[in-house]
Amino acid sequence: DPLTTLREQCEQIEKCVKARERLELCNERVASRSHTEEQCTEELFDFLHARDHCVSAAGLSRAA
């Protein structure tokens, strides 16, 4: 699937790598606690936003 391939490529850019690292740190922090209300939603959205921004820019450049 071209979209999956493009997403995987975009996940390798610095902005996405840093966002994924923040998400993984949050997930580890949440998993290490037995009682927490933290859900890492903001970190997930930051990662998805960075990746989707890259995908849309790459998709537009391919369409041109």
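**Exercise 1.** Which residue's side chain meets that of E11 in a salt bridge at 2.9 Å, N to O? Then classify both partners as buried, partly exposed or exposed.

*Solution.* The model is a predicted one, and in it the side chain of E11 meets that of R20 in a salt bridge, with 2.9 Å from N to O. To classify the partners, recall that buried means under 20% relative accessible area, while partly exposed covers the range from there up to the limit for exposed, which is over 50%. E11 has a relative accessibility of 17% and therefore counts as buried, whereas R20, with a relative accessible area of 30%, is partly exposed.

**Exercise 2.** Find what E11 forms with R51, and work out where in the chain the two residues sit.

*Solution.* Begin with the pair itself: E11 and R51 form a salt bridge in which the closest N and O atoms are 3.3 Å apart. Next, place the partners: E11 belongs to the loop between helix 1 (2–10) and helix 2, and R51 to helix 3, so that the pair, 40 residues apart, links distant parts of the chain. Helix 3 itself covers residues 41–63. R51 is buried because its relative accessible area is 12%, under the 20% cut-off. Finally, look at the surroundings of R51: leaving aside neighbours within four places in sequence, R51 is in contact with R7, C10, E11 and C16.

**Exercise 3.** Examine the salt bridge between E38 and R29, and then ask which residues are joined into one network by shared partners.

*Solution.* The side chains of E38 and R29 meet at 2.7 Å, N to O. E38, at 26% relative accessibility, counts as partly exposed, and R29 is likewise partly exposed, with a relative accessible area of 30%. As for the network, salt bridges that share partners join E11, R20, R51 and D52. In total, the structure holds 6 salt bridges.

**Exercise 4.** Which residues make up the largest nonpolar core, and which helix gives the most to it?

*Solution.* The largest nonpolar core has 7 residues in all, namely C16, A19, L23, C26, C40, F47 and A50. Helix 2 (14–31) and helix 3 each supply at least two residues of this core, and helix 2 gives the most, with 4 residues. Taking L23 as an example, and not counting residues up to four places away in sequence, one finds that L23 touches C40, E43, L44 and F47. Apart from this core lies another, of 5 residues, among them L6, C10, V55 and A58.

Technical notes: Residues numbered from 1 in each chain as written. Predicted model: local features only at pLDDT ≥ 70, side-chain atom pairs only at ≥ 80, totals over all residues. Heavy atoms only, no water. Buried < 20%, exposed > 50% of the residue type's maximum accessible area, 1.4 Å probe, protein only. Contact = heavy atoms within 4.5 Å. Core = buried A, V, L, I, M, F, W, Y, C linked by side-chain atoms within 4.5 Å. Salt bridge = Lys/Arg side-chain N within 4 Å of Asp/Glu carboxyl O.
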